[in-house]
Amino acid sequence: TRSRAAPRVRPAPRPFRRGAQGEALPTPGRRNAAAGGLDLPHAGSGKTKLTAIYLDDRNLPCLWYQCDAGDADPATFFYCLGAAARQAAPRQRRPMPLLTPEYLPDVATFALRYFEQLFERLGPAPVLVLDNYQDVPKEAPLHAALQKGLAAIPSGARVIILSRHLPPPAFARFRTHGQMAVIGWEDLRLTLAEARALVRARGER
């Protein structure tokens, strides 16, 4: 499901504007270069709101997946994500593949093929949001599987990972090669000028 954004009462914050330029929130353009993360340590910091505004302003098709501790098991994650994909694209009758025992010796290749099918199913320029990613344990094998699977992001598609922690070490290569951008608390804090604009906008309502 997709979170709904509240009505906007001010110009978009800096990370939102940066996202439109491809500097922070992921934007389409070239293959394997469209992953982004919002790293905010506290609940209520604004990561869900910012992402919802980003999607609504651009009217982007979105598959919003809520992660939890059960997703530490890649088989569970792929099963539940496949169920969400069926709801997002009901006309696609072919089920997403399951991580059954015969695939366990090479989960990385399974993940790559899985995400290729997923993005093909979701249509042009889709956005996959992985929310509450901090709930997946640090030692979970899912991180390594996603490291391989997210390499299948096609041109025009985007992945946004919402978490209270920095990306796991398995994602280091994406950041090193400029394929993942991270927005933290300092990026979301209002400047004095933005705070004044917000107060003025509220006073004009």
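## Strand S3 and its partners

Trp64 stands opposite Val129 in S3. This is a predicted model, and that pairing is a good place to enter it. S2 and S3 run in the parallel sense, paired over 5 bridges. S3 also pairs with S4. Those two strands are parallel as well, joined by 4 bridges. Here Leu128 stands opposite Val159 in S4.

How many residues of S3 are buried? The count is 5 of its 5 residues, which leaves the strand mostly covered. Both faces of S3 are covered. Val127, Val129 and Asp131 lie buried on one side. Leu128 and Leu130 lie buried on the other.

## The nonpolar cores

In soluble globular proteins, nonpolar side chains tend to be buried together. In this model the largest nonpolar core has 37 residues. Phe77, Phe78, Leu81, Phe115, Leu118, Leu128 and Leu130 have the most contacts inside this core.

Which strands and helices each supply at least two residues of this core? The strands are S2 (62–66), S3 (127–131) and S4 (158–163). The helices are H3 (74–88), H4 (107–122) and H5 (142–149). H4 gives the most, with 9 residues. Apart from this core lies another, of 8 residues. Among them are Tyr54, Leu55, Ile160 and Leu162.

## Phe115 and its contacts

Phe115 is one of the residues with the most contacts inside the largest core. What does Phe115 touch, leaving aside its neighbours within four places in sequence? Phe115 is in contact with Phe77, Phe78 and Leu81. Other contacts of Phe115 are Leu128, Leu146, Gly149, Leu150 and Ala152.

## Aromatic pairs

A pair of aromatic rings is described by the distance of the centres and the angle of the planes. The count here comes to 11 aromatic pairs. One of them joins Phe78 and Phe110. Their rings sit 5.2 Å apart, centre to centre, with 75° between the planes. That makes the pair edge-to-face. The pair links distant parts of the chain. Phe78 belongs to helix H3 and Phe110 to helix H4, and 32 residues separate them. Both Phe78 and Phe110 are buried.

Tyr114 and Phe115 form another edge-to-face pair. Their values are 5.8 Å centre to centre and 70° between the planes. Are Tyr114 and Phe115 buried or exposed? Both Tyr114 and Phe115 are buried. These four residues belong to one aromatic cluster, together with Tyr65, Phe77, Tyr103 and Phe119.

## Helix H8

H8 covers residues 192–203, 12 residues in total. From its first C-alpha to its last it reaches 17 Å. That is close to the 16 Å expected at 1.5 Å a residue.

Which residues of H8 are buried? Glu194, Leu198 and Ala201 are. Seen down the helix axis, the buried residues of H8 fall within an arc of 65°, so they line one face of the helix. On the other side of H8, the residues are exposed: Leu192, Ala193, Arg196, Val199, Arg200 and Gly203.

## The loop at Ala69

Where is Ala69 placed? Ala69 sits in the loop between S2 and H3. Ala69 and Gln134 are 65 residues apart in sequence. In space, their C-alpha atoms are 8.9 Å apart. Leaving aside its neighbours within four places in sequence, Ala69 is in contact with Asp135 and Pro137.

Notes:
Residues are numbered from 1 along each chain as its sequence is written. This is a predicted model: local features need pLDDT of at least 70, side-chain atom pairs count only at pLDDT 80 or more; totals for chains, interfaces and linings use all residues. Side-chain values use heavy atoms; hydrogens and water are left out. The expected span of a helix is 1.5 Å times one less than its number of residues. Buried means under 20% relative accessible area, exposed over 50%, partly exposed in between (1.4 Å probe, protein chains only). The arc is that of the directions from the helix axis to the C-beta atoms. A nonpolar core is a set of buried Ala, Val, Leu, Ile, Met, Phe, Trp, Tyr and Cys residues joined through side-chain atoms within 4.5 Å. Contact means heavy atoms within 4.5 Å. Rings of Phe, Tyr and Trp (its six-membered ring) pair if their centres lie within 6.5 Å; planes under 30 degrees apart count as stacked, over 60 as edge-to-face and the rest as tilted. Two strands pair if DSSP finds at least two bridges between them.
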